[in-house]
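Here's a quick walk through one protein chain, written for someone who would rather be at the bench. Have a look at the model first.

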Amino acid sequence: MGFMTASHDKSGDELLSADRISAVAAVLPEWEFGDRVIRRDFSAPTFLDGIAFVGRIATEAENRDHHPDIDIRWRTVTIALSTHSAGGLTELDVALAGAIDDLFHEMFDAVED
Ligand SMILES: C[C@H](O)[C@H](O)[C@H]1CNC2=NC(N)=NC(=O)C2=N1
């Protein structure tokens, strides 16, 4: 947000309320909720599948101008989401988490883990 810009002129940039966090936790059951971050471990079928998954996440993130922290360890891809500019969780994180869950299902649902 630039100087003198109203904080309500861009949707998703306000910190989530405690009530909203409770509601979101119910629809993102695989995500671990921290103080200012949500995190999920994904297990891809192979190392290269995990890399391909990260590539898809990267495109999604770039389109939204909202970027996760990504940790790759063999087939395990750990995604951490936070809105640094807001100092914690916002609707941007909720939306990206849902999109990443959808990507994972789309890519690997038919595959045995
Ligand atoms: C200028 C640009 O919009 C900002 O640097 C964006 C980029 N991506 C970002 N990603 C995340 N996760 N948090 C941010 O605050 C953030 N800020």
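What follows covers the overall layout, one helix and the ligand site.

Keep in mind that this is a predicted model. The chain has three helices and four strands, and they come in the order α-β-β-α-β-β-α along the sequence. Of its 113 residues, 20% count as buried. If you take the contacts between residues at least 6 apart in sequence, 61% of them join residues at least 24 apart.

Now for helix 2, residues 47-64. Its 18 residues should span 26 Å at 1.5 Å a residue, and the end C-alpha atoms are indeed 26 Å apart, so the two agree. Here is how some of its residues sort out:

| Group in helix 2 | Residues |
|---|---|
| Buried | G50, F53 and I57 |
| Exposed, on the other side | L48, G55, T59, E62 and N63 |

The buried ones in helix 2 fall within an arc of 60° seen down the axis, so they line one face. That fits a general rule: an α-helix has 3.6 residues a turn, so residues three or four places apart point the same way. The cover over the buried residues of helix 2 includes strand 2, strand 3, strand 4 and helix 3.

Just after helix 2 sits D65, with a positive phi of about 50°. D65 is also one of the residues around the ligand, along with H66, H67, S82, T83, H84 and S85. By class, that shell has six polar residues, one charged and no nonpolar.

As for H84, the loop between strand 4 and helix 3 holds it. H84 counts as exposed because it has 10 other C-beta atoms within 10 Å, and the cut-off for exposed is 12 or fewer. From H84 to A110 is 26 residues in sequence and 35 Å in space, C-alpha to C-alpha.

Definitions and conventions. Residues numbered from 1 in each chain as written. Predicted model: local features only at pLDDT ≥ 70, side-chain atom pairs only at ≥ 80, totals over all residues. Helix = DSSP H or I, 4+ residues; strand = E, 2+ residues; numbered from the N terminus. Contact = placed C-beta atoms within 7 Å. Near = placed C-beta within 6 Å. Nonpolar A, V, L, I, M, F, W, Y, C, P; charged D, E, K, R; others polar. Expected span 1.5 Å × (residues − 1). Arc of directions from axis to C-beta.
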